[in-house]
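Biologist: I am new to this structure. Please take me through a single part of it, slowly enough that I can follow along.

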There are 2 protein chains.
Amino acid sequence: MKVSILKENLSKALNTTGRIVNNKGTLPVLSNILLSTEDGRIRIASTNLEIGINYFIGAKIEKKGSITVPARLFTDYITSLPNEKVDLDLNELTLKIKSINFSSEIKGISGDEFPLIPNIKNNKVLSLKAKDLKEALKIVYFAASVDDSRPILSGIYFNKNENNLTLVATDSYRLAEKTLKIDKEFKDNFQIIVPVKTVQEVFKIISDNIDDEVVIYINENQILFEIGNIELISRLIEGQFPNYKQIIPENSETKATLNTNEFVSILKTSILFAKENANTLKIIINSKGKLEVIAEASQIGSNDAFIEAEVEGKGGEISFNGRYLLDILQNINTKEVSLEITGKLSPGLIKTKEIKDYLYLIMPLRS
Amino acid sequence: MKVSILKENLSKALNTTGRIVNNKGTLPVLSNILLSTEDGRIRIASTNLEIGINYFIGAKIEKKGSITVPARLFTDYITSLPNEKVDLDLNELTLKIKSINFSSEIKGISGDEFPLIPNIKNNKVLSLKAKDLKEALKIVYFAASVDDSRPILSGIYFNKNENNLTLVATDSYRLAEKTLKIDKEFKDNFQIIVPVKTVQEVFKIISDNIDDEVVIYINENQILFEIGNIELISRLIEGQFPNYKQIIPENSETKATLNTNEFVSILKTSILFAKENANTLKIIINSKGKLEVIAEASQIGSNDAFIEAEVEGKGGEISFNGRYLLDILQNINTKEVSLEITGKLSPGLIKTKEIKDYLYLIMPLRS
């Protein structure tokens, strides 16, 4: 292999692929990334056996070939170089790297030892704008479970039905649901569960490539996201997503519409007093136009805060884990949100006029 | 105690004093800060028994008194409040805090249980500008030892002699020395060793109060830095600072003058290949005007980099811990630095025309 690449392009590809390597494993090749010439381009690939990434970049190819090199060292090294042309020249298993003022050698492992990343690009099921997918994921994926004790809850449910794509995440204490409109050309419906770690990677990639189209391919147990020159392949989670629709209240007794920033501000202050009490905050909606937040910690003290609210309905009180409220309010980026409640024992709902087809549900705490 | 304070002033005082508390200890009052009314002001005080801070702020005092409250909670709480007036009202051991939209109660511990912070303001030995002290400390204190196995090396040597104040730090692998001119009105000479942790705190405080004057008081085993409305009191380290003058070479065979940023850049890149080799970098100064940096790691590869240099003398080579070079070059903030060497076994020196009376010495490594 003998190729010339622009440092900037190589560095961008390495920063994306370099995140998906397995440094803890016993198989050294898994902490490497693959460089190989393919159809006049360079393919940079990495995998942790759960997720695989192929990143294709343009290059001047003098001699074909492939090699794997340590991801961390190669990424840090290329990133630290000046923004100029980089020459890569493979000599058996040693990669010689030349750029202005620098010349180095890195010992690699044969490309033949690198795990095969499956190519499943024969069943295209969806295409949507990176920007739309990013905005939807941002207000959904953090509600997924972070532990693996119930694998289904550590994934994001993708439910494609006619020209709707509904994304759902829940850890059983809160749930987020957002529906996107999809082009009618995609006829096949499907229901799959994508691991939250995969979705996090997709989120980072689309954030860096916001003007691209995202094309989705699936087979029985895998998904491939194609974003510009990047392919991300992941396993799917097997099983049936919970029938969550039944827990979403259809009507609410009381609705308070609030300035999002003001609500975040009093929650952040109140939660300081709720740490030793599992972040429990009591919320009182007063029909006269006030929302009050009360935090009590028997050992340290208490806090009582309020903001103005536009209240519809008779008012009421409920207790939530304040952290779950902050999770959504700090991601939603709208001027206003509304909180809907119905008694102390029914779930509360966060919605906003500014985002269509979205809801966030929080289970109440006994207080 | 019943007082009104501006949130902004209280918050600034808490952020400084809150750093010096002992959260790990068994004595709860040590993780608290003291609030007390003194001569028409509020004194906010904290101590970890090594360092004590008194921070005085203006307030409207209706009723005198004192109380200690948990530093972390109180600091986070006040910081999170809107920028308005805060009313503090002490009721036995419960502090009631009122501000716009918030009212809270924090349970405290009596001010009588708070350790006495000694007042040693009777022997004023020095006064200098915060800005000058900050600039000097920045290029000296990181060279002190971070472990306590040789206590003397975990301090900064303050040597006041006539109208010079010389600051020295060394961990025995490298040494930094900077001399400042002092007003002639201060006649007493002294030699003291100030713990590096104290100096780090002084550095942070003067960075936030850069227009103030720093007044230094000492007694037999303590030092007090007075910076505007803040007093920082610390123990001194007992013992004799090493006679370091003898290891500083008087002349050098070779001197290379370099662009600081370029030098940092090739060191950062080279050190990626030196990790498994104790950060050893070989430096070759070529009399024809080039400085070369070589890093070799038998397992992973090697790197060879060079930059242009203005060379005086016959040239030569030497090996250093690259981390020690980066420590100074990333703090020095000058356009140019010079590296002086004399053979492989003598210490190397970093100096710069842009900073008077400063030198940084690095012991060579065998390579």
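Biologist: Let us look at the place where the two chains meet. How much area do chain B and chain A bury between them, and what share of it is on carbon and sulfur atoms?

Modeller: One caution before the answer: this is a predicted model. Chain B and chain A bury about 2,400 Å² between them. Of that area, 56% is on carbon and sulfur atoms.

Which parts of chain B supply the contact? Four elements of chain B each give at least two residues to the side that touches chain A. They are α2 (71-80), β9 (102-107), α5 (260-271) and β22 (301-308). Strand β22(B) gives the most, with seven residues. Sorted by class, this side of chain B has twelve nonpolar residues, eleven polar ones and four charged ones.

Now count the residues on each side. Chain B brings 27 residues to the contact, and chain A brings 27 residues. The copies meet through the same surface, because 100% of the interface residues of chain B are also interface residues in chain A.

Next, the polar side of the contact. Between chain B and chain A, 14 residue pairs are in polar contact, with both residues at pLDDT 80 or more. Salt bridges are another matter: the rule finds zero of them across this interface. Over all chains, however, the count comes to 36 salt bridges. One salt bridge joins the side chains of A:Asp327 and A:Arg174, at 3.0 Å from N to O. A:Asp327 lies in helix α6 (residues 322-332) of chain A, and A:Arg174 in strand β14 (residues 174-181) of chain A, so this pair ties together parts that are 153 residues apart in sequence.

Back to the interface and strand β22(B). Strand β9 (residues 102-107) of chain A is joined to β22(B) by five bridges. The two strands run antiparallel. For a place to start in the 3D view, find A:Phe102. Its bridge partner in β22(B) is B:Ala305.

Finally, how do the copies relate? A turn of 180° and a shift of 0.0 Å along the axis lay chain B on chain A, with an RMSD of 0.0 Å. The two copies are thus related as by a two-fold rotation axis. Where does chain B come closest to that axis? The residue is B:Lys24, with its C-alpha at 16 Å from the rotation axis.

Terms used:
Residues numbered from 1 in each chain as written. Chains lettered and ligands numbered in written order. Predicted model: local features only at pLDDT ≥ 70, side-chain atom pairs only at ≥ 80, totals over all residues. Heavy atoms only, no water. Contact = heavy atoms within 4.5 Å. Buried area = accessible area lost by both parts, 1.4 Å probe. Salt bridge = Lys/Arg side-chain N within 4 Å of Asp/Glu carboxyl O. Polar contact = N/O pair within 3.5 Å; in protein donor to acceptor, adjacent residues only side chain to side chain. Nonpolar A, V, L, I, M, F, W, Y, C, P; charged D, E, K, R; others polar. Pairing = 2+ DSSP bridges. Least-squares fit on C-alpha atoms with pLDDT ≥ 70 in both.
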